[in-house]
Amino acid sequence: MSVLMPYFWPCFAIGLVVGVIIGVFAFHKWPSRKRNIALGIGAVVAVCLALVWHGPLGAADRFTATVEKTARTGLDYYETPNIQGRLHRHPLSRTLVLTGKPATDFQRTELARLFSMLPGVSKAQWGNDPPGTPLMVEGGAIAVLGFLFGLLLAYLIELHRRYNAQWNW
């Protein structure tokens, strides 16, 4: 199983649940202005809950520990104990920063290439070049995507309710 699934799947599920709940209320005979306010509040709530998942609930720490442990295992396998691999922090991103003294230039380029393929790592680099997208921004974007899918499900529920409401048994 991928390292990313335990981090991103709950963010998507948070957005999905919030989207369905807000959407069921918003699509059920609310005026346009009130509906737009509810949808905006729902999107903000989904992102805030994803950020709570990222920080206080410890998903980012678990993700970081797993990726860095995998990097350390790989470095030990390639017999390079003088090189360390850590995820870029401040803000936390999926960029693996390699530090230490490689033996050759070939080793330097190949380690960066190999460790870019680790699950959960977007790229590996030497030194402090600009990092990639912060992990909490990626989690918030996944929550918004889940929110949109939740709104789609809520809209389909409302269409089904309206269709069944036309029948008088």
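**Exercise 1. Cysteines**

How far is the sulfur of Cys-48 from the closest cysteine sulfur, and in which residue does that sulfur lie? Use the answer to account for the number of disulfides in this predicted model.

*Solution.*
- Step 1. Start at Cys-48. The closest cysteine sulfur belongs to Cys-11, 13 Å away.
- Step 2. Recall the chemistry. A disulfide is a covalent bond between the sulfur atoms of two cysteines.
- Step 3. Apply the cut-off. A pair counts as a disulfide when the sulfur atoms are within 2.5 Å. At 13 Å, the sulfur of Cys-48 is too far from that of Cys-11 for a bond.
- Step 4. Check from the other side. For Cys-11, the closest cysteine sulfur is in Cys-48, again too far for a bond.
- Step 5. Conclude. The structure holds zero disulfides.

**Exercise 2. Cysteine exposure**

Classify Cys-11 and Cys-48 as buried, partly exposed or exposed.

*Solution.*
- Step 1. Set the limits. Buried means under 20% relative accessible area, and exposed means over 50%.
- Step 2. Cys-11 has 0% relative accessibility, so Cys-11 is buried.
- Step 3. Cys-48 has a relative accessible area of 41%, so Cys-48 is partly exposed.

**Exercise 3. A helix pair**

Describe how helix 2 and helix 5 pack. Then state the character of their contact residues.

*Solution.*
- Step 1. Locate the pair. Helix 2 spans residues 32-54, and helix 5 spans residues 135-165.
- Step 2. Read the geometry. The axes lie 9 Å apart, at an angle of about 140°. Helix 2 is therefore oblique to helix 5.
- Step 3. Give the handedness. The crossing of helix 2 with helix 5 is right-handed.
- Step 4. List the residues. Helix 2 contributes Leu-39, Gly-42, Ala-43, Ala-46, Val-47, Ala-50, Leu-51 and His-54. From helix 5 come Leu-135, Met-136, Gly-139, Gly-140, Ala-143, Val-144, Phe-147 and Leu-151.
- Step 5. Sort them. In this contact of helix 2 with helix 5, 12 residues are nonpolar, four are polar and none is charged.

**Exercise 4. Two single residues**

Place Leu-49 and Thr-80 in the fold. Give the exposure class of Leu-49 and of Thr-80.

*Solution.*
- Step 1. Leu-49 sits in helix 2. Its relative accessibility is 38%, so Leu-49 is partly exposed.
- Step 2. Find the partners of Leu-49. Beyond neighbours within four places in sequence, Leu-49 is in contact with Ile-14 and Val-18.
- Step 3. Thr-80 sits in the loop between helix 3 (59-77) and strand 1 (83-87). With a relative accessible area of 2%, Thr-80 is buried.
- Step 4. Find the partners of Thr-80. Not counting residues up to four places away in sequence, Thr-80 touches Arg-72, Leu-75, Gln-107 and Leu-111.

How values were computed:
Residues numbered from 1 in each chain as written. Predicted model: local features only at pLDDT ≥ 70, side-chain atom pairs only at ≥ 80, totals over all residues. Heavy atoms only, no water. Buried < 20%, exposed > 50% of the residue type's maximum accessible area, 1.4 Å probe, protein only. Axes fitted to C-alpha atoms, helices over the stretch in contact; angles between N-to-C directions. Helix = DSSP H or I, 4+ residues; strand = E, 2+ residues; numbered from the N terminus. Parallel < 35°, antiparallel > 145°, perpendicular 65-115°, else oblique. Left-handed = near helix turned anticlockwise from the far one by under 90°. Contact = heavy atoms within 4.5 Å. Nonpolar A, V, L, I, M, F, W, Y, C, P; charged D, E, K, R; others polar.
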